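Hi,

Here is the structure I promised to pass on. Have a look at it first, and then read on for what turned up in it.

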Amino acid sequence: MADEQKSLTDVAKNTGELLQEAGTKTTQTVLAHTEKYHDAYTTIDKIVDNFWERVPYICIAIIVFIIFWLLTKLFKFFVRKTLENRSYTRQNLVLVLNRVGSTAILFFGFLIALVISIPGFTPGQLMSALGIGSVAIGFAFKDIFQNLLSGILILLSEPFRIGDSIVVNSLEGTVEDIQIRATFLRSPDGRRIVIPNATVYTSALTVNTAYQQRRCEFVVGIGYEDDEQKAKQIILDILNNDRNVLSQPAFSVNVTALADFSVNLTVRWWVDTTETDISSSTSTIQAQVKQAFNANGINIPYPIQELKMAANQPLLNPEALTK
C-alpha cells in the first residue's frame, strides 16, 4: 500500500512538473508573439502619429499648389488681355506663353508643395534623381521631347496659323489646333488628322492660305477644225465679266498643247479668297465656258479612234485560215 501511494505521488509530481513546464513554454511563446506584434503596433502608431503631425503641412502644401494653379489661370488671362489687340500674325505667341508659362508655374508650385509636405526634401534631391536617370529618360522620351521642342518652334516661328489650310506629306486640311505634341488638321471630307510636330517641322510644307490672292486654272480642249482665237476670246470675255476674277494679276488663255484629239487651252486667273474659294470659282468658269462653246458651235472633243482599211485588201489571209 505504501508503494502504491508513493507511486501515485511520483505520478502526480511528474504531472505537475509537466504542466508547469508547458505553462512556462506557453507563456514564453505568448510573450514572444506579444513582443513581435507590439513592435508592429508601435511602428504603425509611429506612422499614424507622424501622419497626423504632417497633416497640417500636407494641407498647407495642397493650398500652395492650388494657389499656383490659380496663378496659371491669372497668367493666361493676363497674357490674353495683353496680346489680344496685337496683330494676328503673332497670335501664336499667346499659345506659347500660355502653355510653357503655365507649365513652369505649376512645376514650381509642385516643388514648393513637396518641400512643405515632405520633411528633409530639397529640390536638389529631385534634380539629382533626374540627373541619375537622365540618360534612360532621354532615350525613353526622345520622341516626346522632339515633338515638344518642334511644337514650341512652330508656335514661335509661325510658318502657319490656326485656320490656315496646309499640306504636309500629302496630307491636306485646315489647322484646328497646334499643341505641344502634335498639330491637328480637319480634312476637306471632315476627318481629323493628327500629325506629330516633329514631322510638321522637318517636312516640306505648303500653306494654301498664306496669301489672300490665289490662282485658278484648268485645261479645256477644242477640235482642230475650230478657231482657237475665237475660243480664246470667248473665254477672255467670260473672265472679264466675272466679278470674282481679279484684273490684276491679269488673267490669260494660252494654247499649251497640240494633243492627239484636241488643241488644249490653259485658262488661268486670280481670285480673292476672302470673297470666293478656288473650287467654286473654277466650277463657275468651267460651266460658263461649256455653255458658251455650245452656243458658238465650238466642239470639245473626246478621244475617237478611226480605223482605215483599203478597199481591195482582204479582211483575213486565206492561208492563215487553212493553217
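Before the charged pairs, one rule: a salt bridge here is a side-chain nitrogen of Lys or Arg within 4 Å of a carboxyl oxygen of Asp or Glu. Please also keep in mind that this is a predicted model.

**Salt bridges**

By that rule the count comes to five salt bridges. One of them is between the side chains of E176 and R186, at 3.2 Å from N to O. That pair links distant parts of the chain, with E176 in strand β2 (residues 171-178) and R186 in strand β3 (residues 182-186), 10 residues apart.

E176 has a second partner to look at: its side chain also meets that of R192 in a salt bridge, here at 3.6 Å, N to O. Again distant parts of the chain are linked, since R192 belongs to strand β4 (residues 192-196) and E176 to β2, 16 residues apart.

How open are these residues to the outside? E176 counts as partly exposed because its relative accessibility is 31%, and R186 is partly exposed too, with a relative accessible area of 40%. R192, at 60%, counts as exposed.

Another salt bridge joins the side chains of D189 and R191, at 3.1 Å from N to O. Both ends are exposed: D189 has a relative accessible area of 52%, and R191 comes in at 55% relative accessibility. Which residues end up in one network? Salt bridges that share partners join E176, R186 and R192. As background, side chains of opposite charge can pair when their charged atoms come close.

**The chain as a whole**

Stepping back, the protein chain has nine helices and eight strands. Of its 323 residues, 25% are buried. The accessible surface of the chain comes to about 22,400 Å², and 60% of that belongs to carbon and sulfur atoms. If you take the contacts between residues at least 6 apart in sequence, 63% of them join residues at least 24 apart.

**Nonpolar cores**

Now for the inside. In soluble globular proteins, nonpolar side chains tend to be buried together. The largest nonpolar core in this model has 21 residues, and those that touch the most other members are I235, L239, V267, W269, I285 and F293. Where do the core residues come from? β6 (213-222), α7 (228-241), β8 and α8 (278-295) each supply at least two of them. Apart from this core lies another, of 11 residues, including L155, F160, L185 and I193.

W269 is a good residue to click on. Leaving out residues up to four places away in sequence, W269 touches R214, R215, C216, E217, F218, L239, V245, F251, S281, T282 and I285.

**Aromatic pairs**

How many aromatic pairs does a search of the whole structure find? It finds two. One is F68 with F108, an edge-to-face pair at 5.8 Å centre to centre with 65 degrees between the planes. F68 lies in helix α1 (residues 2-83) and F108 in helix α2 (residues 92-117), so this pair ties together parts that are 40 residues apart in sequence. Buried or exposed? F68 is buried, with a relative accessible area of 14%, whereas F108 counts as partly exposed at 48%.

F218 and W269 also form an edge-to-face pair, 5.8 Å centre to centre and with 75 degrees between the planes. Since F218 sits in strand β6 and W269 in strand β8, this pair ties together parts that are 51 residues apart in sequence. Both F218 and W269 are buried.

**T266**

One last residue, also in strand β8 (residues 263-272), is T266. Why does T266 count as buried? Its relative accessibility is 4%, and the cut-off for buried is under 20%. The T266 side chain has a polar contact of 2.7 Å with the side chain of T256. Setting aside neighbours within four places in sequence, T266 is in contact with E217, F218, V219, S252, V253, N254 and T256. F218 on that list is the residue that pairs with W269.

Happy to go through any of this with you on screen.

Cheers

How values were computed. Residues are numbered from 1 along each chain as its sequence is written. This is a predicted model: local features need pLDDT of at least 70, side-chain atom pairs count only at pLDDT 80 or more; totals for chains, interfaces and linings use all residues. Side-chain values use heavy atoms; hydrogens and water are left out. Helices (H or I, at least four residues) and strands (E, at least two) are DSSP runs, numbered from the N terminus. Buried means under 20% relative accessible area, exposed over 50%, partly exposed in between (1.4 Å probe, protein chains only). A polar contact is a pair of N or O atoms within 3.5 Å; within protein, one must be able to donate a hydrogen and the other to accept it, and residues adjacent in sequence count only if both atoms are side-chain atoms. Contact means heavy atoms within 4.5 Å. A nonpolar core is a set of buried Ala, Val, Leu, Ile, Met, Phe, Trp, Tyr and Cys residues joined through side-chain atoms within 4.5 Å. Rings of Phe, Tyr and Trp (its six-membered ring) pair if their centres lie within 6.5 Å; planes under 30 degrees apart count as stacked, over 60 as edge-to-face and the rest as tilted. Accessible areas come from the Shrake-Rupley method with a 1.4 Å probe; for residues, only the protein chains shown count as cover.
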